[in-house]
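I opened the file today and went through the ligand site, then the backbone. The entries below follow the order of looking.

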Amino acid sequence: MRIILLGPPGAGKGTQAILMSQKYSIPHISTGEIMRSAVSSNSSLGKEVKQYLDQGNLVPDDLVNKLVAERLAQADCNNGFILDGFPRTVAQADELSLILDKLKLKLDAVLQISLAQDVLIERIQKRGAMGSGRTDDTAETAIKRLSVYMEKTAPLIGHYKSTNLLKVVDGLGTIEQVQDRISKSLGNI
Ligand code: ADP
């Protein structure tokens, strides 16, 4: 199964992606995690990436696209993958479709986890206060990340709706409830 998880920061994409990755035995590819591991390596690339992350801005498309193309070409993606946090811009979505065409692969679904803004901000702040260790989980950066999402990523919803791949799941409730909604919405895929 090849799937994209779409949704604002704090919607629970990462949590659900881990569960789906176990259920379907396919890799969970989180571009946020790829970025954070670049930062913790303290390389010059990592230092550059850290500035974008800490300000709640997106890392430039060229850089992210290259890392994702390399990751998707690895053998463990042959049976499928869950993309979490990518694509995040229309340019990234265009690049993804080129990458998949080259690999002769097709997406099965784009799953949007939807949640109201006030709940999102509360969740991110709580995650930061509980020690997520993420320097971008502050109230200020959360608001910035949400506005970046609305401006740059939300347009992808319309983009994937027109390809008939989009499925929308309500992100409010317990982890298990959301997991259940996702399983039902994916059905026989
Ligand atoms: P969240 O969904 O909570 O914002 P992520 O872990 O997905 O968290 O992303 C954290 C940060 O990593 C983003 O704010 C952004 O700076 C960077 N990032 C992740 N994915 C991308 C991407 N596809 N394009 C550009 N920047 C990205």
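How many residues of the shell around the ligand are nonpolar, how many polar and how many charged? I sorted the shell by class and got six nonpolar, five polar and seven charged residues. I note here that the model is predicted.

Entry on the shell. I looked up which residues surround the ligand and found 18. Thr31, Asn57, Gly85, Gln92 and Arg145 are the closest. I then asked which element gives the largest share of this shell, and helix 2 (residues 31-40) does so with three residues.

Entry on polar atoms at the ligand. I began with Thr31, where an N or O atom of the side chain is 2.8 Å from a nitrogen atom of the ligand. For Gln92 I read 2.8 Å between a polar side-chain atom and a ligand nitrogen. Lys13 has a polar side-chain atom 3.2 Å from an oxygen atom of the ligand. I next looked up how much of the ligand is covered: on its own it has 550 Å² of accessible area, and the protein covers 96% of that. I also checked the pockets, and the largest one is the space that the ligand takes.

Entry on salt bridges. I found 10 of them in the structure. I picked out one, between the side chains of Lys50 and Asp54, with N to O at 2.8 Å. Both residues belong to helix 3 (residues 44-55). Lys50 and Asp54 are four residues apart there, about one turn of the helix.

Entry on the backbone. Which peptide bond did I note as cis? I noted the bond from Phe86 to Pro87, with omega near 0°. I placed Pro87 in the loop that runs between strand 3 (81-84) and helix 5 (90-102).

I also looked up phi at Ser25. The angle is near 55°, a positive value, and the residue is not a glycine. Ser25 sits in the loop between helix 1 (13-24) and strand 2 (28-30). I closed the notebook after this residue.

Note on methods
Residues are numbered from 1 along each chain as its sequence is written. This is a predicted model: local features need pLDDT of at least 70, side-chain atom pairs count only at pLDDT 80 or more; totals for chains, interfaces and linings use all residues. Side-chain values use heavy atoms; hydrogens and water are left out. A residue is near a molecule or strand if one of its heavy atoms lies within 4 Å of it. A polar contact is a pair of N or O atoms within 3.5 Å; within protein, one must be able to donate a hydrogen and the other to accept it, and residues adjacent in sequence count only if both atoms are side-chain atoms. Accessible areas come from the Shrake-Rupley method with a 1.4 Å probe; for residues, only the protein chains shown count as cover. On a 1 Å grid over the protein atoms alone, a cavity is a set of points where a 1.4 Å probe fits but cannot get out, and a pocket is an open set with protein on both sides within 12 Å along at least five of seven lines; lining residues have an atom within 4 Å of a point. A molecule sits in a cavity or pocket if more than half of its atoms lie within 2 Å of its grid points. Helices (H or I, at least four residues) and strands (E, at least two) are DSSP runs, numbered from the N terminus. Ala, Val, Leu, Ile, Met, Phe, Trp, Tyr, Cys and Pro count as nonpolar, Asp, Glu, Lys and Arg as charged, and the others, Gly among them, as polar. A salt bridge is a side-chain nitrogen of Lys or Arg within 4 Å of a carboxyl oxygen of Asp or Glu.
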